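Here is a quick tour of one chain, written for someone who likes to check things against the coordinates. Have the viewer open and follow along.

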Amino acid sequence: MNEQSLSNEPSFDADEILEGIEHWVKVESPTTHVEGVNRMMQLAEQEMATLGAIPERCTAGEGYGDVLLARVDGETSGPGILVLGHLDTVHGVGTLDGPLPYRREGDKIYAPGIYDMKGGMYAACYALRQLLRAGRKPHLPVTFMFVPNEEVGSPTTRRLIEEQAKLHHYVLVPEPAKQGKLVTGRFAFARFWIKVTGRPAHAGATLARGRSAIREMSEQVLAIEAMSEPDKNITLSVGVIEGGTFVNVVPIECRAQVLAVMPTQDAFDRVCAQMMALQPINADVTVEVEAGPVRPLFEPNNKVLDLYDKAERIARDIGFIPGHGSFGGGSDGNFTGALGIATLDGLGLCGDGAHTHDEHVLYSSLVPRARLLAGLLETLEEPAGQS
């Protein structure tokens with residue numbers, strides 16, 4: 001590791017950051033693998049303890065791992081900074097030994113969850129550690145919140161996230177950067193569960209008597225995805241389908257999950273109404289739609305843009321200009337941004353391939369991003385009129 005300078009300036013070492021990230025990404029933690037998620041929470045808890053924080057774990061509900069909270073004192077007391085992120089991934093157990101092994105190829109480092117978002121959360125922990133090692137402290141208190149089920153919409157943790165956010169002036173979200181940019185707004189997301197019920201029959205002897213739930217669902221999928229308006233950033237996609245029992249039985253039931261993404265409240269309201277009003281396409285079948293978790297629209301306000309301006313000034317001193325914008329791809333920042341709290345998202349590492357077997361981060365982004373996070377943690381102050 002680099003030696004601390006006489007000026008008490010924090011040092012940042014890319015290999016040291018990568019060593020910590022490697023340790024984290026080699027613990028596989030898909031959302032539904034409670035043991036793996038809780039192993040990640042244990043690693044994060046150990047990291048927080050080295051910073052002098054007092055970690056607190058609480059249950060997120062049956063079927064999910066724990067939530068971890070850890071607070072580090074600042075130079076002042078009262079509301080401070082919430083660093084918000086998740087340690088669950090979409091990659092199943094066995095991905096490391098299969099299609100996405102940990103490896104480095106030039107500037108790219110590949111691993112499950114390294115981009116979304118273990119790399120960013122580890123970089124945030126490292127940033128605070130380096131400040132403290134240098135004998136410097138954040139001006140405001142800092143609370144880290146590690147969430148176990150963001151990848152399924154944070155269905156049981158939204159309330160906890162919102163409660164914590166309301167106790168803070170700022171929310172920093174080390175989700176992946178978007179083409180290197182910070183995120184000052186996010187589109188709304190809605191999930192839907194669809195159940196189609198048909199009529200069973202012997203598929204060989206009495207096929208005509210049956211009404212296939214799978215056939216109906218197939219036509220519904222085409223109709224649902226045809227609602228998309230890509231030129232307006234409105235997309236609907238069916239990501240999970242389950243149905244049928246035996247190949248020689250006309251399937252009586254089929255279920256599907258739909259993800260809808262909308263960039264405006266008007267579009268959100270319209271698409272949700274269309275989804276809830278779905279009707280059967282074929283005769284003698286039923287279609288039921290249940291609304292699932294929602295990520296509300298996060299639109300930038302003056303507080304968000306002021307926070308971005310602070311980040312840009314820090315980044316310029318480091319040697320880059322991040323830029324910003326509103327994007328699809330939901331995060332827990334949707335919840336805090338929708339509350340009107342100053343939220344800056346996309347503070348994680350640069351890379352690409354989230355949710356794919358090409359997921360990777362850029363080695364060259366490790367130090368600049370950690371330095372940006374450290375700069376924000378150290379210098380953010382009470383908003384004017386709230387000291």
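## A strand covered on both faces

Strand β6 has cover on both of its faces: V142, F144 and F146 are buried on one side, and T143, M145 and V147 are buried on the other. This is a predicted model, so keep that in mind throughout. Six of the six residues of β6 are buried, so the strand is largely enclosed by the rest of the structure. The split into two sets fits a general pattern: in a regular strand the side chains alternate between the two faces of the sheet.

Which strands does β6 pair with, and in what sense? With β2, β6 runs antiparallel, joined by five bridges; R71 is the residue that stands opposite T143 in β6. With β3, the pairing is parallel and spans six bridges, and there L84 has M145 of β6 as its bridge partner.

## The sheet around it

Zooming out, β6 belongs to an open sheet of six strands, ordered β1-β2-β6-β3-β7-β14, with mixed pairing. At the edges sit β1 (56-59) and β14 (342-344), each of which pairs on one side only. On average, neighbouring strands in this sheet are turned by 20° against each other, ignoring direction. Helix α2 packs on the sheet, where it touches β1, β2 (66-72) and β6, and its direction makes about 10° with that of β2.

Further along the strand order, β3 (residues 81-86) pairs with β7 (residues 170-172) in the parallel sense, over three bridges. One position to look up there is V83, which stands opposite L172 in β7.

## Helix α1 and what it packs against

Helix α1 covers residues 14-25, which makes twelve residues, and its first and last C-alpha atoms are 16 Å apart, close to the 16 Å expected at 1.5 Å a residue. At the start of this helix, a side-chain oxygen of D13 comes to within 3.0 Å of the backbone nitrogen of D15.

The buried residues in α1 are A14, E16, I17, L18, G20, I21, W24 and V25. What do the buried residues of α1 pack against? Their partners are the helices α2 (34-50), α3 (114-133) and α9 (366-379), together with the strands β5 (108-110) and β6 (142-147). Strand β6 thus turns up here too, as one of the elements that α1 packs against.

## A buried spot in α5

Now for a single residue elsewhere: I224 lies in helix α5 (residues 213-225). Is I224 buried or exposed? I224 has a relative accessible area of 0%, so it counts as buried, the cut-off being under 20%.

Apart from neighbours within four places in sequence, I224 is in contact with I194, L236, V258, M275 and L278. I224 and S237 are 13 residues apart in sequence, and their C-alpha atoms are 7.5 Å apart in space.

## The whole chain

The chain holds nine helices and 16 strands. Its radius of gyration is 23 Å, close to the 21 Å that the globule rule gives for 387 residues, so the chain is as compact as a globular protein of that length. Along the principal axes, the C-alpha atoms fill a box of roughly 85 × 45 × 35 Å.

Of the 387 residues in the chain, 53% are buried. Among contacts with a separation of 6 or more, 79% are between residues 24 or more positions apart.

Note on methods: Residues are numbered from 1 along each chain as its sequence is written. This is a predicted model: local features need pLDDT of at least 70, side-chain atom pairs count only at pLDDT 80 or more; totals for chains, interfaces and linings use all residues. Side-chain values use heavy atoms; hydrogens and water are left out. Helices (H or I, at least four residues) and strands (E, at least two) are DSSP runs, numbered from the N terminus. The expected span of a helix is 1.5 Å times one less than its number of residues. Buried means under 20% relative accessible area, exposed over 50%, partly exposed in between (1.4 Å probe, protein chains only). Contact means heavy atoms within 4.5 Å. A polar contact is a pair of N or O atoms within 3.5 Å; within protein, one must be able to donate a hydrogen and the other to accept it, and residues adjacent in sequence count only if both atoms are side-chain atoms. Two strands pair if DSSP finds at least two bridges between them. Axes are lines fitted to C-alpha atoms, for helices over the stretch in contact, and angles run from 0 to 180 degrees between N-to-C directions. The radius of gyration is taken over C-alpha atoms; the globule rule is 2.2 Å times the number of residues to the power 0.38.
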